[in-house]
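Student: Please take one part of this model, a loop that joins two strands, and look at it closely. I would like to see how its residues are placed, and then how the rest of the chain compares as a setting for it.

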Amino acid sequence: MARRRQIYEGKAKILYEGPEPGTLIQYFKDDATAFNAQKKGTISGKGVLNNRISEHVFTLLGNIGVPTHFLRRLNMREQLIRQVEIVPIEVVVRNVAAGSMSKRLGIEEGTQLPRTIIEYCLKDDALGDPLVTEEHILCFGWAAQEELHDIADLAIRVNDFLSGLFAGIGIRLVDFKLEFGRIWDNDYSRIILADEISPDNCRLWDMTTGEKLDKDRFRRDLGGEVEAYQEVARRLGLLPEDADSAVLDLETHRKRRGK
């Protein structure tokens with residue numbers, strides 16, 4: 001597919017003009033960032049893995065009636081998606097205390113929460129994606145009350161489904177971040193799931209060993225980022241048991257073939 005006009009470039013993805021009105025092409029990069037882009041690096045093949053994992057998860061969510069922006073995967077690094085008006089709020093769903101919650105509240109990391117908690121953060125890197133309340137969201141018009149209800153309902157549905165999906169392959173879903181967007185039909189809009197679901201925006205721990213299988217390996221300089229992402233893909237049935245035979249990075253693949 002010929003490269004089209006670039007619409008937007010984020011920390012992990014690039015959006016290009018789609019082949020039809022109302023569509024975009026979402027390209028997954030190997031770039032890795034943490035702490036609101038204060039730490040930067042590269043995880044070789046991450047974009048390929050996240051593309052496949054997110055495609056798999058979004059397809060399964062669509063099958064149970066969760067509306068999403070995903071249309072189809074185009075190639076190793078690109079997806080065709082619906083163009084949406086992004087709600088400027090990051091929705092964090094927490095099942096287990098970890099990361100910023102543990103630091104803020106002094107709760108030991110790994111503590112099972114009595115109930116699932118939904119937190120909202122304003123999407124603004126310059127401000128450090130600050131935690132906000134529903135009152136802030138409604139006051140400043142970032143989302144309407146009905147939209148917030150839809151967002152919370154969808155977040156819980158996604159959490160219920162993903163918790164079961166990952167538990168079935170021996171992975172504990174600690175927490176994850178979601179983004180939502182509006183699609184318009186004349187004057188009427190509805191909320192759908194957008195962005196991606198991958199080890200980039202989920203905390204995934206091995207149920208037996210507690211080993212981190214997500215971007216925390218990059219955040220905390222643990223090493224083994226590629227292997228962790230591969231392990232998630234393998235358990236989901238997206239990679240063969242012999243990962244060496246999988247094409248995760250085009251440049252490396254070409255070098256191996258002598259091209």
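Tutor: Helices (H or I, at least four residues) and strands (E, at least two) are here DSSP runs, numbered from the N terminus. In those terms, lysine 123 lies in the loop between β10 (112–122) and β11 (131–132), and aspartate 129 has its place in that loop too. The model is a predicted one, in which local features need a pLDDT of at least 70 and side-chain atom pairs count only at pLDDT 80 or more, while totals for chains, interfaces and linings use all residues. Residues are numbered from 1 along each chain as its sequence is written, and side-chain values use heavy atoms, with hydrogens and water left out.

For burial, the cut-offs are under 20% relative accessible area for buried, over 50% for exposed, and partly exposed in between, with a 1.4 Å probe and protein chains only. Lysine 123 has a relative accessible area of 33%, so it counts as partly exposed. Aspartate 129, by contrast, counts as buried because its relative accessibility is 12%. The backbone of aspartate 129 also deserves attention, since its phi is near 50°, a positive value in a residue other than glycine.

Contact means heavy atoms within 4.5 Å. Leaving aside its neighbours within four places in sequence, lysine 123 is in contact with Ile86, Val87, Pro88, Ile89, Glu90, Asp129 and Glu179. The list thus includes aspartate 129, the residue with the positive phi. Glutamate 179 is also on it; this residue is 56 residues from lysine 123 along the chain, and the two C-alpha atoms are separated by 9.6 Å.

From here the view can move on to β12 (171–185). Two strands count as paired if DSSP finds at least two bridges between them. β12 and β13 run antiparallel and are joined by 7 bridges, and phenylalanine 180 has leucine 193 in β13 as its bridge partner. These strands form a hairpin with 2 residues between them, and asparagine 186 in the turn has a positive phi of about 60°. Aspartate 195 sits in the loop between β13 (188–194) and β14. With a phi near 65°, aspartate 195 shows a positive value in a residue other than glycine, and its relative accessible area of 13% makes it buried.

β12 also takes part in packing with a helix, for the buried residues of α6 pack against α1 (46–63), α4 (145–167), β12 (171–185), β14 (202–206) and α5 (216–219). In helix α6 (residues 225–235), those buried residues are Glu225, Ala228, Tyr229, Gln230, Val232, Ala233 and Arg234. Glycine 237, which follows α6, has a positive phi near 85°. A second loop worth setting beside that of lysine 123 is the one between α6 and α7 (250–256), where proline 240 is found. Proline 240 is partly exposed, with a relative accessible area of 39%.

Towards the N terminus, the strands again pair through hairpins. Strand β1 (residues 6–9) and β2 run antiparallel and are joined by 3 bridges, with a hairpin of 3 residues between them. β2 pairs with strand β3 (residues 23–28), also in the antiparallel sense, over 5 bridges. Isoleucine 14 in β2 stands opposite glutamate 9, and its bridge partner in β3 is tyrosine 27. The hairpin of β2 and β3 has 5 residues between the strands, among them glycine 22 with a positive phi near 85°. Strand β2 (residues 13–17) is largely enclosed by the rest of the structure, because 4 of its 5 residues are buried.

As for the whole chain, the protein has 7 helices and 14 strands, and buried residues make up 47% of its 259 residues. Of the contacts with a separation of 6 or more, 56% are between residues 24 or more positions apart. Along its principal axes, the C-alpha trace spans about 60 × 50 × 35 Å.
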